[in-house]
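Me: I'd like to learn how to read a fold from its coordinates. Can you walk me through one?

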Amino acid sequence: SLVGPHACRWKSFTFNERGADEVPLLEILASESYPKFYPSLRHVKLNYHYDEIRRSGEANLRTFISYWQMPILESLSVANFIPSRLHASPSRLTLKLEYYENNGMIGWDFSRLSLLLTPLNTLRELSITVHAIYDGVHVGPPAILKGLEKLSLRISKGSPDALQALLASFE
């Protein structure tokens with residue numbers, strides 16, 4: 001790949017999934033031979049459409065960002081999925097997670113949120129936007145965020161029980 005040798009100089013990476021045509025690119029990013037160390041990467045933005053995640057397999061989408069090592073990452077913005085882990089310095093990181101409604105038929109697994117946040121216990125800023133949250137969400141043990149300085153929650157609509165489940169995902 002022509003991109004691979006130069007990826008170590010990236011300062012910013014944005015991926016906006018528009019349709020099934022991007023699935024081959026995701027497979028390249030997740031491949032064993034693709035670089036995993038990004039010493040200059042400061043900003044990452046990943047936008048996925050839920051329908052495309054279902055078609056291409058959510059596990060593949062999470063794979064590439066979960067294995068990238070980004071020691072100076074300052075901001076990560078992700079729409080419609082939760083990475084399984086991050087290799088970044090949480091004390092300098094601002095994390096933004098967005099989840100969009102798809103006809104009220106999908107739920108969010110908040111146990112994954114706990115798994116992501118627990119090792120990031122010195123995370124300083126966290127922003128979560130949920131456009132619709134309903135009952136039946138999965139909750140894991142709460143992540144203790146002792147370094148959190150700023151928390152922003154934006155919830156457009158939802159049930160009280162589901163909102164309580166979200167709040168129980170972190171302390």
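Reply: Sure. Keep in mind that this is a predicted model. Let's start with how a helix sits on a sheet: α5 lies across β7 and β8, and its direction makes an angle of about 160 degrees with β8.

Me: Which residues of α5 are buried?

Reply: A162, A165 and L166. They span an arc of only 100 degrees around the axis, so they sit on the same side of α5.

Me: Why would residues spaced like that point the same way?

Reply: The general idea is that an α-helix has 3.6 residues a turn, so residues three or four places apart point the same way. Here, the face of α5 turned away from the buried side carries the exposed residues P160, D161 and Q164.

Me: And what covers the buried residues of α5?

Reply: The cover includes α4, β7 and β8 (150-155).

Me: Now the sheet. What is the order of its strands?

Reply: For a sheet, read the order and the pairing together. This one is an open sheet of 6 strands, ordered β1-β2-β4-β6-β7-β8, and the pairing is parallel. At the edges are β1 and β8, each of which pairs on one side only. From one strand to the next, the twist averages 5 degrees.

Me: How many bridges join β6 to β7?

Reply: There are 6, and the two strands run parallel. To pick out one bridge, take Y99: its partner in β7 is V130.

Me: What about the hydrophobic side of things?

Reply: Look for the largest nonpolar core, which has 43 residues here; F13, L46, W68 and L95 have the most contacts inside it. Among the elements that give it two or more residues are β1 (12-16), β2, α3 (58-67) and β4 (75-79). The largest share, 4 residues, comes from α4.

Me: Which residues does F13 touch?

Reply: Not counting residues up to four places away in sequence, F13 touches L29, L41, H43, V44, K45, L46, F64 and W68. Two of those names, L46 and W68, you've just met among the core residues with the most contacts.

Me: Last one: is N47 buried or exposed?

Reply: Compare its relative accessibility with the cut-off: buried means under 20%. N47 has 18%, so N47 counts as buried. You'll find N47 in strand β2 (residues 43-47). The N47 side chain makes a polar contact with the side chain of N16, at 2.4 Å. Leaving aside neighbours within four places in sequence, N47 is in contact with F15, N16, E17 and A79.

How values were computed. Residues numbered from 1 in each chain as written. Predicted model: local features only at pLDDT ≥ 70, side-chain atom pairs only at ≥ 80, totals over all residues. Heavy atoms only, no water. Buried < 20%, exposed > 50% of the residue type's maximum accessible area, 1.4 Å probe, protein only. Polar contact = N/O pair within 3.5 Å; in protein donor to acceptor, adjacent residues only side chain to side chain. Contact = heavy atoms within 4.5 Å. Core = buried A, V, L, I, M, F, W, Y, C linked by side-chain atoms within 4.5 Å. Arc of directions from axis to C-beta. Pairing = 2+ DSSP bridges. Axes fitted to C-alpha atoms, helices over the stretch in contact; angles between N-to-C directions.
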